[in-house]
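This report is a guided reading for someone new to the structure shown here. Please keep the sequence and the view at hand while following the sections below.

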Amino acid sequence: MALSEDPTDTTSSLPSGDSSERRGRVRLRRAALMGAPAFAIASTLVVLTAQGALAAQFAISGMPFTVTADTLQGTGFGQFGGLDNMPEGSPNAGDTGGQVLVIITAIREAELTNLCQSVELGGTFLHITAGNKGAPVKASGLTTDSTEISGKVAAFDNIEIGGDASTFDKPPVKGPLGVFGQQADTVTIKNVRQTNYATTATRFTLPDLHMSFSSRGC
């Protein structure tokens, strides 16, 4: 008894060359569909970065460093939460999974007097000072990723607390959609101290820079 032919099956009537061409087109369509999500994610990141919705990101070392200053003054202030990531397999990951929850502080224009930065390197400290002889350290587009921030006095002009960080227009970068944050026209902090995992700036000027190894940190 002969099997009835499927009227919708046209592949059997195609010459072998046409069948190979059709299979090739199917594979190309599948490859395009698989690549679409990655392309969409990359395109979104490019757009968000261009719009200032994301700060420039890099893999952190996972080694915290201390920053202190007698005074920090800034215009265009914003603050919101974020995650910093270490490279896969980083020896500094510990039990963090390679991620650190941080407070991102963004300042459009900042000045710091008597800046000190130190990082511990196996029992000794890499110690950096600047802006301690009358000329302040200046930074444009400054962002710091901190786990702890303290100061003797903090003052803000026209502060807004509890806003969605993605809507901010005062700091140099916006935060993610739906993330709690605060922004202000100006900020002044006396005796500021930060534990940081990352710092970025579009421009950083450090007068009277001095770098050395020391037995003590900042």
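## Ile-107 and its surroundings

In this predicted model, Ile-107 touches Leu-72, Gly-74, Thr-75, Gly-76, Phe-77, Gly-141, Leu-142, Pro-172 and Val-187, when residues up to four places away in sequence are not counted. Ile-107 is also a member of the largest nonpolar core, which has 18 residues, and together with Leu-72, Leu-112 and Val-187 it touches the most other members of that core.

## The nonpolar cores

Several strands contribute to the largest core: strand 1, strand 2 (99-113), strand 3, strand 5 (137-150) and strand 8 (180-200) each supply at least two residues. The greatest contribution to this core comes from strand 1, which gives five residues. Apart from this set there is a second, separate core of 13 residues, and among its members are Val-102, Ile-104, Phe-168 and Val-173.

## How the strands pair

Which strands pair with strand 2, and in what sense? Strand 1 and strand 2 run antiparallel to one another and pair over 14 bridges, while strand 2 and strand 5 are likewise paired in the antiparallel sense, over nine bridges.

Individual residues can be followed through these pairings, for Thr-75 has Glu-109 in strand 2 as its bridge partner, and Ala-106 stands opposite Thr-143 in strand 5. As a general point, the side chains of a regular strand alternate between the two faces of the sheet.

## Ser-140 and Glu-109

Ser-140 lies in strand 5 and is buried, since its relative accessible area is 18%, a value under the 20% limit used for that word. Not counting residues up to four places away in sequence, Ser-140 touches Arg-108, Glu-109, Ala-201, Thr-202 and Arg-203.

One of these neighbours, Glu-109, can be described in further detail: its C-alpha atom is separated from that of Ser-140 by 4.7 Å, although the two residues are 31 residues apart along the chain. Their side chains also make a polar contact with each other, at 2.8 Å.

## The aromatic pair

The structure holds one aromatic pair, made by the rings of Phe-77 and Phe-156, whose centres are 5.3 Å apart and whose planes meet at 50°, so the pair is classed as tilted. This pair links distant parts of the chain, with Phe-77 in strand 1 (residues 65-85) and Phe-156 in strand 6 (residues 153-157), 79 residues apart.

Are the two partners buried or exposed, or do they fall in between? Phe-77 is buried, with a relative accessible area of 2%, whereas Phe-156 is partly exposed, with a relative accessible area of 31%. Phe-77 also appears among the residues that Ile-107 touches.

## The disulfide

The structure holds one disulfide, which is formed by Cys-116 and Cys-218, with their sulfur atoms 1.9 Å apart. The torsion about the S-S bond is about -80°, so this disulfide is left-handed. Because Cys-116 lies in strand 3 (residues 115-121) and Cys-218 in the segment after strand 10 (210-214), the pair ties together parts that are 102 residues apart in sequence.

With regard to accessibility, Cys-116 is buried, with a relative accessible area of 10%, whereas Cys-218 is partly exposed, with a relative accessible area of 22%.

Definitions and conventions
Residues are numbered from 1 along each chain as its sequence is written. This is a predicted model: local features need pLDDT of at least 70, side-chain atom pairs count only at pLDDT 80 or more; totals for chains, interfaces and linings use all residues. Side-chain values use heavy atoms; hydrogens and water are left out. A disulfide is a pair of cysteine sulfur atoms within 2.5 Å. Helices (H or I, at least four residues) and strands (E, at least two) are DSSP runs, numbered from the N terminus. Buried means under 20% relative accessible area, exposed over 50%, partly exposed in between (1.4 Å probe, protein chains only). Rings of Phe, Tyr and Trp (its six-membered ring) pair if their centres lie within 6.5 Å; planes under 30 degrees apart count as stacked, over 60 as edge-to-face and the rest as tilted. A nonpolar core is a set of buried Ala, Val, Leu, Ile, Met, Phe, Trp, Tyr and Cys residues joined through side-chain atoms within 4.5 Å. Contact means heavy atoms within 4.5 Å. A polar contact is a pair of N or O atoms within 3.5 Å; within protein, one must be able to donate a hydrogen and the other to accept it, and residues adjacent in sequence count only if both atoms are side-chain atoms. Two strands pair if DSSP finds at least two bridges between them.
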